[in-house]
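Work through the exercises below with the sequence and the coordinates side by side. Each task is followed by a solution that proceeds in steps.

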Amino acid sequence: MSGSKARLYMDYNASAPLRPQAYDAMLAALLIDANPSSVHTDGRAARSLVDQSRQQIDCLFGGQAKQMIFTSGATEAANFVLTPDWTMGRAPVRFSKLYVAASAHPCLLSGGRFAFDDVVQVPVTEHGTVDLIILEDLLDRHDAASGMPLVAMPAACNETGVMQPLTELASLVRAKGGTLVVDAVQMAGRLPIDLSNPAGDYFILSAHKLGGPRGIGALVALSDLMMPRPLITGGGQEKGHRAGTENTVGIAGFGAAVQAALIDMAEERWADTVVQRDRFEAELRMLCPSAIIHGDAVQRLPNTSFFSLPGIKAETAQIALDLDGIAVSAGSACSSGKVGPSHVLEVMNAERVDGALRVSLGLDASDADIDRLLQSLQRLLKRSKTARAA
Ligand code: PLP
């Protein structure tokens with residue numbers, strides 16, 4: 001790339017680059033030409049690959065997972081688990097309402113297989129954390145005669161990085177006779193999941209947010225007493241919970257990525273990313289004292305900064321940064337090319353701003369990268385000031 005600067009990727013919450021360990025594991029898996037359900041030697045080799053990945057991913061849960069069903073990603077896992085119809089052994093079990101954080105990813109907010117009227121949005125505070133008092137009130141008023149309450153919460157918001165108080169949420173939900181589904185997509189592999197006092201009952205994972213391949217995820221159950229009725233039926237794969245031949249290549253990449261992510265976490269490498277993110281925000285405030293950093297008063301993911309620059313549309317800023325070779329996002333990247341107001345800003349009552357930019361860093365973010373981002377924003381702020389003065 002003579003003469004032009006290499007691109008800078010700062011959109012890890014949309015998708016993290018494939019880790020080399022995942023790439024190697026996937027190449028090796030591609031050479032295993034068999035169906036993991038086949039009983040011959042070749043089939044058993046494929047099966048042991050799937051089992052090994054399951055064990056690697058279970059390390060995120062301290063080896064406590066009772067069920068791990070591989071899916072095509074977090075969206076499928078959400079559609080699988082968010083259903084009124086469950087079974088306990090052979091007996092049917094019914095959830096009558098789904099309570100979901102208003103700041104959740106659309107794959108939770110759309111309610112899975114619940115009827116539209118049975119999905120209740122739980123408001124969040126201006127900081128983006130779930131309003132526990134309102135949730136408690138909603139659960140107190142839940143009509144238990146019609147079925148149990150199912151609660152779905154993001155461990156961390158993909159846009160703001162704001163983390164929910166999972167242990168408190170789990171105790172509240174349990175005390176009210178409910179079941180907690182945690183969307184751990186953005187937290188898994190970046191911060192440990194607190195299992196001393198289980199922070200949830202069912203967890204949704206996606207490989208591509210932690211350096212695995214896109215198109216593979218899982219639903220993890222810490223207890224196998226109850227399971228949702230399958231979303232995909234057919235053969236008896238995944239113990240009858242999800243039909244279809246397993247994506248052995250994706251699963252192998254997922255397991256290897258988790259293993260590498262766990263090493264990074266053990267070495268506390270994300271602590272350096274927090275330093276970079278905090279320096280970025282401190283210098284941004286100096287460049288633009290009226291900048292609003294959403295969710296900065298509460299606990300956030302180490303890599304995420306979601307901010308508004310008054311007077312500058314987030315989409316305009318995103319394009320300007322892109323032209324400077326820097327990839328960030330203006331809200332979430334859940335549908336290709338979609339540009340629209342962020343529902344997370346709306347539910348945090350911050351809709352009066354012109355959208356927000358999300359910078360989500362990887363472990364490799366350097367001082368020079370942050371300087372380059374700040375310089376690009378500085379040029380943008382200057383251009384905007386000149387345009388307003390003209
Ligand atoms: N949940 C969260 C918090 C996400 O950030 C995303 C992706 O952006 C998803 C769920 C959906 O994940 P997938 O792409 O695996 O369907």
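**Exercise 1.** In which loop is Glu238 found? Locate this residue, then describe its backbone and its exposure, and do likewise for Lys239.

*Solution.* The model is a predicted one, and the elements named here are read from it. Glu238 is found in the loop between β10, which covers residues 226-228, and α7. Turning to the backbone, Glu238 has a positive phi of about 50 degrees, although this residue is not a glycine. As for exposure, a residue is called buried under 20% relative accessible area and exposed over 50%; Glu238 has a value of 7%, and is therefore buried. Lys239 is likewise found in the loop between β10 and α7, and its phi is near 50 degrees, a positive value in a residue other than glycine. The relative accessible area of Lys239 is 67%, so Lys239 counts as exposed.

**Exercise 2.** How many residues of α7 are buried, and what distance does this helix reach from its first C-alpha to its last?

*Solution.* Begin with the extent of the helix: α7 runs over residues 248-266, which gives 19 residues. From its first C-alpha to its last it reaches 27 Å, close to the 27 Å expected at 1.5 Å a residue. Next consider its surroundings, where 14 of the 19 residues are buried, and α7 is accordingly described as mostly covered. Finally, look past the end of the helix: α7 is followed by Glu268, whose phi is positive and near 50 degrees.

**Exercise 3.** Which radius of gyration does the protein chain have, and why does this value agree with that of a compact globule? Continue with the make-up of the fold and its surface.

*Solution.* For 390 residues a compact globule would have a radius of gyration near 21 Å, and the protein chain has 22 Å, which means that the value agrees with the rule. Along the principal axes, the C-alpha atoms fill a box of roughly 70 × 55 × 35 Å. The protein chain contains eleven helices and 14 strands, and buried residues make up 53% of its 390 residues. When contacts between residues at least 6 apart in sequence are considered, 72% of them join residues at least 24 apart. On the outside, the protein chain exposes about 17100 Å², of which carbon and sulfur atoms supply 54%. The last step concerns charge: the chain has 35 positive and 42 negative charges, and the mean positions of the two sets are 4 Å apart.

Key: Residues are numbered from 1 along each chain as its sequence is written. This is a predicted model: local features need pLDDT of at least 70, side-chain atom pairs count only at pLDDT 80 or more; totals for chains, interfaces and linings use all residues. Side-chain values use heavy atoms; hydrogens and water are left out. Helices (H or I, at least four residues) and strands (E, at least two) are DSSP runs, numbered from the N terminus. The radius of gyration is taken over C-alpha atoms; the globule rule is 2.2 Å times the number of residues to the power 0.38. Buried means under 20% relative accessible area, exposed over 50%, partly exposed in between (1.4 Å probe, protein chains only). Contact means heavy atoms within 4.5 Å. Accessible areas come from the Shrake-Rupley method with a 1.4 Å probe; for residues, only the protein chains shown count as cover. Lys and Arg count as positive and Asp and Glu as negative; His and the chain ends are not counted. The place of a charge is taken as NZ of Lys, CZ of Arg, CG of Asp or CD of Glu. The expected span of a helix is 1.5 Å times one less than its number of residues.
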